[in-house]
Amino acid sequence: QVHMVESGGGSVQAGGSLRLSCAASRLSGTYCLTWFRQSPAPGKEREAVAAIFTEDSSTYYSDSMKGRFTISQDNAKNTVFLQMTSLKLVDTGMYSCAARASLEAGRHCLLVPPVRFHYWGQGTQVTVSS
């Protein structure tokens, strides 16, 4: 059974940094591994912030995060990281990683709706304060 566990969330002041981790066990084959964020703002839908294709480490970013967030992977440890810098108040939310089997890289790793992802972690909370 696939198991995904996020860690690294916490409270940080605006302008600060955090590094999130997502440890995925028993994933075999190639996947899109995508970080999603659920904002606490009313009516805000869960959004994909960054994705990586496990076969070749191709990366994809939401426009609002590009340049501030960096996604990477450690294949030996089956772990995906999300380095977040220059954090803003609007970055507050529950961050979850999700996996979706895929045979090819592409921006679909970022654009496919959450419902089409096969495996999810429980999430890690990020709170940015002024």
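Let us begin with a term: a residue is called buried when its relative accessible area is under 20%, exposed when it is over 50%, and partly exposed in between, using a 1.4 Å probe and protein chains only. Ser-86 makes a good first selection: its relative accessible area is 40%, so it counts as partly exposed.

Before we move on, a word on what you are looking at. This is a predicted model, where local features need pLDDT of at least 70 and side-chain atom pairs count only at pLDDT 80 or more, while totals for chains, interfaces and linings use all residues. Residues are numbered from 1 along each chain as its sequence is written, and side-chain values use heavy atoms, with hydrogens and water left out.

**Stop 1: two serines in loops**

Stay with Ser-86, which you will find in the loop between β8 (79-84) and β9 (93-101). Strands here are DSSP runs of E with at least two residues, and helices are runs of H or I with at least four; both are numbered from the N terminus. The phi angle of Ser-86 is near 50 degrees, a positive value although the residue is not glycine. Why point this out? Most residues other than glycine have a negative phi.

Now select Ser-57, in the loop between β5 (47-53) and β6 (58-61). Its phi is positive too, near 65 degrees. Ser-57 is partly exposed because its relative accessibility is 34%.

**Stop 2: Gln-73, a partner of Ser-57**

Keep Ser-57 on screen and add Gln-73, which is found in strand β7. The two side chains make a polar contact at 2.8 Å. A polar contact is a pair of N or O atoms within 3.5 Å; within protein, one must be able to donate a hydrogen and the other to accept it, and residues adjacent in sequence count only if both atoms are side-chain atoms. The side chain of Gln-73 also reaches the backbone oxygen of Thr-54, at 3.1 Å. Is Gln-73 buried or exposed? With a relative accessible area of 18%, Gln-73 is buried.

To see what surrounds Gln-73, show its contacts, meaning heavy atoms within 4.5 Å. Not counting residues up to four places away in sequence, Gln-73 touches Ile-52, Phe-53, Thr-54, Ser-57, Thr-79 and Val-80.

**Stop 3: strand β4 and its neighbours**

Next, select β4: seven of its eight residues are buried. On one pairing, β4 runs antiparallel to β9, joined by eight bridges; on another, β4 runs antiparallel to β5, joined by six. Strands pair if DSSP finds at least two bridges between them. Which residues pair with Cys-32? Its bridge partner in β9 is Arg-100, and in β5 Cys-32 stands opposite Phe-53.

**Stop 4: the nonpolar cores**

Now turn to the interior. A nonpolar core is a set of buried Ala, Val, Leu, Ile, Met, Phe, Trp, Tyr and Cys residues joined through side-chain atoms within 4.5 Å. How many residues does the largest one have? It has 26, and those with the most contacts inside it are Met-4, Trp-35, Phe-69, Ile-71, Leu-82, Met-84 and Tyr-95. Elements giving two or more residues to this core include β3 (18-25), β7 (69-74) and β11 (124-129). The largest share, four residues, comes from β3. Apart from this core lies another, of eleven residues, among them Cys-32, Ala-48, Tyr-60 and Ala-98.

**Stop 5: aromatic rings**

Finish with the rings. Rings of Phe, Tyr and Trp (its six-membered ring) pair if their centres lie within 6.5 Å; planes under 30 degrees apart are stacked, over 60 edge-to-face, and the rest tilted. The structure holds four such pairs.

Select Tyr-31 and Tyr-119: this tilted pair is 6.5 Å centre to centre, with 50 degrees between the planes. Tyr-31 lies in β4 and Tyr-119 in β10 (residues 119-120), 88 residues apart. Tyr-31 is buried, at 8% relative accessibility, whereas Tyr-119 is partly exposed, at 30%.

Then choose Phe-36 and Trp-120, another tilted pair, at 5.0 Å and 40 degrees. Phe-36 is in β4 and Trp-120 in β10, so the pair ties together parts 84 residues apart in sequence. Add Phe-117 to see a cluster: ring pairs link Phe-36, Phe-117 and Trp-120.

Last, select Arg-46, which lies over the face of Trp-120 at 4.2 Å from the ring centre. A charge sits over a ring if NZ of Lys or CZ of Arg is within 6 Å of the ring centre and within 35 degrees of the ring normal.
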